[in-house]
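Subject: A structure for you to explore

Hello,

Here is the structure I promised to pass on to you. Please open it and keep it beside you while you read my notes below.

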Amino acid sequence: MKFGQVEDPSKIDFALPEDHPKTAEVLKKNIKSLENIYIGCAKWNKTDLKGFYPKGTKDELAYYATQFNSIELNATFYGMPTPEQVRIWKEKTPANFKFFPKITNTVSHFRRLLNITDAVTKFATAVLGFDEKLGMVFLQLHDNFKPKDYERLEKFVKDWVKEIPLAIELRNAEWFADEEIFNKTCKLFEENKITNIIVDTAGRRDMRHMRLTTASAFIRYVGANAESDYSRLDDWLERLAKWKADGLQNLYFFVHQNIEKASPLLSAYFIEQLNKEFEVEIHVPKMPEYKIS
């Protein structure tokens, strides 16, 4: 993932900010304990995840799904998925595996949330084919989609198919710079049970808004291919432990890298540490060409 990449990560203050005041309020409304933890990468192909697959691996997704319990499915962003393609992906994965598909760029980038009923219907119909393996769908808005287009976003949110869990990633800096606009948008998300995505990437520190709008945390973590990547993950573990105590119900954490090769390695470290902190037993991915810690 190149978004937010910087030339010199050592100059970035990676400390996580304090929680938004509303986050604790949202979590306290949840009467359930932490139910689901899904951690994965954004891609499964050999080209990006060099060193991850054992020699002779023929089906990348099938092997990936033996090591991780989820995938941030970016493939659906670049091309509208078909029911047949969804069926194939579903059948290659074990029963406990979850897909988190990104809404096709026709909706978010080309039509910019205008005249999208046909595209959204087609997308929703296809991903419903994942059945119990559908985690949460997410919409990533273009970096130049600004608050002036709030009404488009509001209509999209209110028209969304309610039986499909949805998360939204806002990218333009204006959404975060104006407190009134940000609070208005988060209120819209809360009222419609939309999860507000948090992105932790070097060049866009404003996207670590630490504002949850549901009891689900959907975090897209982008490593900088630097030593600090590990201490940053430690900081996230500390914050997530706090959210767990406050009432977090679902944790969805996806690891990216500027150079994706190291994504499985970072993910394995994170899972290993989370298992200790949360006293759970999520499978730690094997690294054929790496040491995990």
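In what order do the six strands of the open sheet stand, and with which kind of pairing? Reading across, the order is β3-β2-β1-β9-β8-β7, and the pairing is parallel. Before going further, please keep in mind that this is a predicted model.

**The sheet and its edges**

Look at the two ends of that order. The edge strands are β3 (98-101) and β7 (198-200), and each has a single partner strand, so one side of each is left without a neighbour in the sheet. The strands are also turned against their neighbours, by 25 degrees on average with direction ignored.

Now start from the β7 edge and step inwards. β7 pairs with β8 (residues 216-223) in the parallel sense, over three bridges. Two places are handy for finding this pairing on your screen: Val 199 stands opposite Arg 220 of β8, and Asp 200 has Tyr 221 of β8 as its bridge partner. On the next step, β8 and β9 run parallel and are joined by eight bridges. Tyr 221 helps here again, as it stands opposite Val 255 in β9.

**A closer look at β8**

How many of the eight residues of β8 are buried? The count is eight of eight, so this strand is largely enclosed by the rest of the structure. Its side chains point in two directions: Ser 216, Phe 218, Arg 220 and Val 222 go one way, while Ala 217, Ile 219, Tyr 221 and Gly 223 go the other way.

Which strands does helix α10 lie across? Helix α10 (residues 228-246) lies across β7, β8 and β9 (250-257), and runs at about 170 degrees to β8. Helix α11 (residues 263-278) packs on the sheet too, touching β1 (36-41), β8 and β9. The direction of α11 makes about 160 degrees with that of β1.

There is another parallel pairing to find: strand β4 (residues 137-140) is joined to β5 (residues 166-169) by four bridges. Val 137 stands opposite Leu 166 in β5. In β5, Leu 166 and Ile 168 point one way, Ala 167 and Glu 169 point the other way, and all of these are buried.

**Aromatic rings**

If you like rings, there is plenty to see: the count comes to 28 aromatic pairs. One of them is Phe 52 with Phe 68, a tilted pair with 5.8 Å from centre to centre and 45 degrees between the planes. This pair links distant parts of the chain, 16 residues apart. Phe 52 is in the loop between β1 and α2 (60-67), and Phe 68 is in the loop between α2 and β2 (70-73).

Phe 68 also pairs with Tyr 64: the ring centres are 4.8 Å apart and the planes are at 25 degrees, so this pair is stacked. Are these rings buried or exposed? Phe 52 is buried at 0% relative accessibility, Phe 68 is buried at 4%, and Tyr 64 is buried at 0%. These three belong to one aromatic cluster, whose members also include Trp 44, Tyr 53, Trp 89 and Phe 130.

Two lysines are worth a look as well. Lys 102 lies over the face of Phe 77, at 4.5 Å from the ring centre. Lys 244 has its charged end over the ring of Phe 278, 5.6 Å from the centre.

**The cysteines**

How many disulfides does a search of the whole structure find? The search finds zero. Two cysteines are still worth visiting. Cys 41 is buried, with a relative accessible area of 1%, and Cys 186 is buried, also with a value of 1%.

Cys 186 lies in helix α9 (residues 179-191). Leaving aside residues up to four places away in sequence, Cys 186 touches Asn 196, Arg 211 and Thr 213. For a sense of scale, try the distance from Cys 186 to Ser 33: their C-alpha atoms are separated by 23 Å, and the two residues are 153 residues apart along the chain.

Enjoy exploring, and write back with any questions!

Best wishes

Terms used:
Residues are numbered from 1 along each chain as its sequence is written. This is a predicted model: local features need pLDDT of at least 70, side-chain atom pairs count only at pLDDT 80 or more; totals for chains, interfaces and linings use all residues. Side-chain values use heavy atoms; hydrogens and water are left out. Two strands pair if DSSP finds at least two bridges between them. Axes are lines fitted to C-alpha atoms, for helices over the stretch in contact, and angles run from 0 to 180 degrees between N-to-C directions. Contact means heavy atoms within 4.5 Å. A disulfide is a pair of cysteine sulfur atoms within 2.5 Å. Buried means under 20% relative accessible area, exposed over 50%, partly exposed in between (1.4 Å probe, protein chains only). Rings of Phe, Tyr and Trp (its six-membered ring) pair if their centres lie within 6.5 Å; planes under 30 degrees apart count as stacked, over 60 as edge-to-face and the rest as tilted. A charge sits over a ring if NZ of Lys or CZ of Arg is within 6 Å of the ring centre and within 35 degrees of the ring normal.
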